Amino acid sequence: MRATYEDLLRAARRAAVQAHQVQHTDNGELLSGWQAVLIATRSHLGWLRCDIDLTGDAVALNNLDPSKGLMPVAWALGAGADLLATQDAYNAAALDNYHDLFAARAEVADVARIAGRTVLRDLGMPKRSKEYRHVLKAVAQLGEIVTRGRGASGLGDLRNLATNRPQYGTDKLSQLAWMAVRWERAHLDIDAHTLLTRDLRSGTSQLRTICGYAWHLTDCIASVAENAGLDAQQRLDLARLREALRAFDTAAARVARSWQRRLSDIGGQSGTPGEVAFLDLKSTFDVFLRADGDLLAPKDLIPDHRQAIAALDALDEMVDSASRIARFQQAAVDDLIRSGHLFLPVRDIASMELPHYSRRVARPAVASRWMRTSVAMYFTELTSTLAQSAAHLAIAADVARRLSGTSHHSRPFGDRSPRLHPPPLLVSKALVAESTGLPDLGQEPDPPGR
């Protein structure tokens, strides 16, 4: 399960309240934790488009215990800032709502203000001291932000922003989910123009293998669903997931035949980072599914309701990662076709009937069995089967997310270049026409049926 923005803010408030309920006697630890809270708060508010002057000294976090004092508060606020920073451009549109921004700023400032009140209460220094006045000023600034955000209620779309990876747990299912996302990231970080045909063929084999494992896990969960406490809707969704995975495998088998029959391949094993991450994911799955070389029985694999819910979460991550890799492969093939990097048999190019405006086919300078081309219609069989397989996986991913209860989460797809600064706030400005002096209200919306 991935943490959401709302989860991190709730964890930050819980940590601040717990810290306020404890009497702190170490002034050095208390002030260092407060400086860490200020740094995390300023970064967090910066991503919420609120620039506030919370000056804080440099803190050596490696010398502080992350579980003591105010450090849990700083960690939770910093994690929330990191979550906002790692969203892609599509999810970052949630930061364009004024009301949601004011509500999030007020919540972050209130959490930091609770930590500041703890420092003011337990700081054993005179009220006229520099340290005390510094804390008092910061608490007053945070209070102003809380006051401005009192009219806003709820976080809106911000609450559903999710982290880019699940937490790495100690149990096998959590490791399985984490390895699946690692496999996805390894593929998405590859430049499409560096892919060879063997890499694309390997990607299809990886998808079929992982979805085959997911199919088996779905069967195991479905066979013990009633004893594991899953309701009728979940059992129906498990059947739909199996059908979607079966349809994908049928379409992916046609994709594999297209790789072998229509495209030139230099052979050999793929050495991309995606291949390495796939082998790690496969070995993790084998450890989970097998004992002494034999497959575990469903009742041993899924003994109770808690294990069934964890298995649904792992299925969600696996199928979602596979769906994104399938879409990446589809886009990569389109790029390679447009750039003319794929080879086709010359006999197939010569025998294909072309439209009248492109009957002239470029011949290679020397006799060869293969020829590069950028004419998209030569690759219709491959592109259509890729689109079908990706569509079936997209359906399977939607069903898996519904099973795990994460349909409303906004997961980042992963930008190639991370954003180093908060995106600008979109502000609409009314333009005044020079001829009439009237403001331009924009394009007139079309009514239904116009």
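These are my notes from a look through a predicted model of one protein chain.

**Overall build**

I started with the secondary structure, and I found 13 helices and six strands in the protein chain. Next I asked what share of the 450 residues is buried. The answer is 46%. I also looked up how far apart in sequence the contacting residues sit. Taking the contacts with a separation of 6 or more, 84% join residues 24 or more positions apart. For the surface, I noted about 23,400 Å² of accessible area, with 52% of that belonging to carbon and sulfur atoms.

**Cysteines**

How many disulfides does the model have? I got zero, going by the rule that two cysteine sulfur atoms must be within 2.5 Å. I then checked two cysteines for burial, where the cut-off is under 20% relative accessible area. Cys50 comes out at 10%, so I put it down as buried. Cys211 has 5%, so it goes down as buried too.

**Arg49**

Right beside Cys50 in the numbering is Arg49, so I looked there as well. Arg49 lies in the loop that runs between α2 (27-47) and α3 (71-85). Its phi caught my eye: the angle is near 60°, a positive value in a residue other than glycine. Is Arg49 buried or exposed? Its relative accessible area is 16%, and because the cut-off for buried is under 20%, I filed Arg49 as buried.

**Thr41**

I stepped back into helix α2, where Thr41 lies. Thr41 has a relative accessible area of 0%, so it counts as buried. Which residues does Thr41 touch, once its neighbours within four places in sequence are left aside? I listed Leu54, Leu77, Val108, Ala112 and Leu142. Of these contacts, Leu77 falls within the span of α3 (71-85).

**Largest pocket**

Last, I went to the largest pocket, which holds about 410 Å³ of space. I found 20 residues lining this pocket. Which of them lie nearest its centre? They are Tyr90, Asn91, Arg401, Ser410 and Arg411. On the helix side, α11 (305-338) and α13 (380-404) each supply at least two residues of the lining. I sorted the lining by residue type and wrote down seven nonpolar, five polar and eight charged. Among the residues nearest the centre, Arg401 and Arg411 belong to the charged class and Tyr90 to the nonpolar one.

Conventions: Predicted model: local features only at pLDDT ≥ 70, side-chain atom pairs only at ≥ 80, totals over all residues. Heavy atoms only, no water. Buried < 20%, exposed > 50% of the residue type's maximum accessible area, 1.4 Å probe, protein only. 1 Å grid on protein atoms, 1.4 Å probe; cavity = no way out; pocket = protein on both sides within 12 Å on 5 of 7 lines; lining within 4 Å. Points joined across faces, edges and corners; volume = space filled by probe spheres on them. Helix = DSSP H or I, 4+ residues; strand = E, 2+ residues; numbered from the N terminus. Contact = heavy atoms within 4.5 Å. Areas by Shrake-Rupley, 256 points an atom, 1.4 Å probe, with all protein chains shown as cover.
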